[in-house]
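Student: Could you take one part of this model and walk me through its surroundings in detail? I'd like a connected account rather than a list.

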Amino acid sequence: MNSSELLLHPVRLRIVQAFLGDRALTTAQLADELSDVPTASLYRHVSLLTTAGVLDVVAERRVRGGVERTLALRVDAARVSPAELATLTVEQHAAMFRAFVAALLNTFDQYLAAGSPDLVADGAGYSMNGLWLTDAEFAQLAQDLGTVYETRAANGPGDGRTLRMFGSVVIPGAPSAQSASTGSDVPRTEG
């Protein structure tokens, strides 16, 4: 099974997301968080992710005659490589993107269901922006954003911190929007 098939299965993607933020969870804690996933199915998916090296067993302890494992995410193994992305078909990209969007929807639904959401007070939100960038400007933006995220990625829980999930999507504008923007018949306002 390649990385994209492994990681972008809807249940496995939710499992991976549960570990984001440098969390370590027992399988029982994970089952509590993903209570809508049947236990046998959850354990099967955890086993696949562990076997593939996406999840690491970071601790084990005896509990009532069994062994309770605590797991953590190997972030480097939870990515689809650029080389593998280049081999995917249009249909596979569409399926991957649908799985990603479904996971975003699920995460937002959980946030809404957790109580009385106050997007402003909670620092939650969503938006879409259009930026006109050359390839070099886009590369610099990606590098800048990576630096911003990297400086905060080592933050752990505690100290009044709240886990905040960031998702990103970059989609080039439609070809018709690209050509229309450079045409001489496009009205421009000077100001």
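**A close look at helix α2**

Tutor: Let's settle on α2: eight of its nine residues are buried, so this helix is largely enclosed by the rest of the structure. Bear in mind that we're looking at a predicted model. The buried set runs through Val11, Arg12, Leu13, Arg14, Ile15, Val16, Gln17 and Ala18.

Start with the nonpolar side of the story. The largest nonpolar core has 19 residues, and Ile15, Phe19, Leu30, Leu49, Val54 and Leu55 have the most contacts inside it. At least two residues of this core come from each of α1 (3-7), α2 (10-18), α4 (39-51) and β3 (66-73). With four residues, α2 gives the most. Apart from that core lies another one, of six residues, with Leu13, Leu88, Ala99 and Ala103 among them.

Leu55 is a handy place to stand in the 19-residue core. If you skip its neighbours within four places in sequence, Leu55 is in contact with Ile15, Phe19, Val46, Leu49, Thr50, Leu71, Ala72 and Leu73. Ile15 turns up again when you go over to His45, a residue of helix α4. Again leaving out neighbours within four places in sequence, His45 is in contact with His9, Val11, Arg12 and Ile15. With a relative accessible area of 5%, His45 is buried, under the 20% cut-off.

Now for the packing against α6. In general, two packed helices are described by the angle between their axes and the distance between the axes. Here α2 and helix α6 (residues 90-113) pack at an angle of about 55°, and their axes are 10 Å apart. That makes α2 oblique to α6. As for handedness, α2 passes α6 in a right-handed crossing. On the α2 side, Leu13, Arg14 and Gln17 do the touching; they meet Ala99, Phe100, Ala103, Asn106, Thr107 and Gln110 in α6. Leu13, Ala99 and Ala103 are also members of the six-residue core. As a reminder on spacing, an α-helix has 3.6 residues a turn, so residues three or four places apart point the same way.

Arg14 deserves a second look. At 13% relative accessibility, Arg14 counts as buried, yet its side chain meets that of Asp36 in a salt bridge, at 2.9 Å from N to O. Arg14 sits in helix α2 and Asp36 in the loop between α3 (27-33) and α4, so the pair ties together parts that are 22 residues apart in sequence. Asp36, for its part, is exposed, with a relative accessible area of 54%. The general idea is simple: side chains of opposite charge can pair when their charged atoms come close.

For context, the structure holds six salt bridges. One of them joins Asp76 to Arg74, with the closest N and O atoms 3.2 Å apart. Asp76 is exposed at 55% relative accessible area, while Arg74 counts as partly exposed at 29%. Asp56, Arg74 and Asp76 are linked in a network of salt bridges. Another bridge pairs Arg161 with Asp159, where the closest N and O atoms are 3.9 Å apart. Arg161 is partly exposed at 41% relative accessibility, and Asp159 is exposed at 74%.

Back to α2, then: the helix gives four residues to the 19-residue core, packs obliquely on α6, and reaches Asp36 through Arg14.

Notes. Residues are numbered from 1 along each chain as its sequence is written. This is a predicted model: local features need pLDDT of at least 70, side-chain atom pairs count only at pLDDT 80 or more; totals for chains, interfaces and linings use all residues. Side-chain values use heavy atoms; hydrogens and water are left out. A nonpolar core is a set of buried Ala, Val, Leu, Ile, Met, Phe, Trp, Tyr and Cys residues joined through side-chain atoms within 4.5 Å. Buried means under 20% relative accessible area, exposed over 50%, partly exposed in between (1.4 Å probe, protein chains only). Contact means heavy atoms within 4.5 Å. A salt bridge is a side-chain nitrogen of Lys or Arg within 4 Å of a carboxyl oxygen of Asp or Glu. Axes are lines fitted to C-alpha atoms, for helices over the stretch in contact, and angles run from 0 to 180 degrees between N-to-C directions. Angles under 35 degrees count as roughly parallel, over 145 as roughly antiparallel, 65 to 115 as roughly perpendicular and the rest as oblique. A crossing is left-handed if the near helix is turned anticlockwise from the far one by less than a right angle, and right-handed if clockwise.
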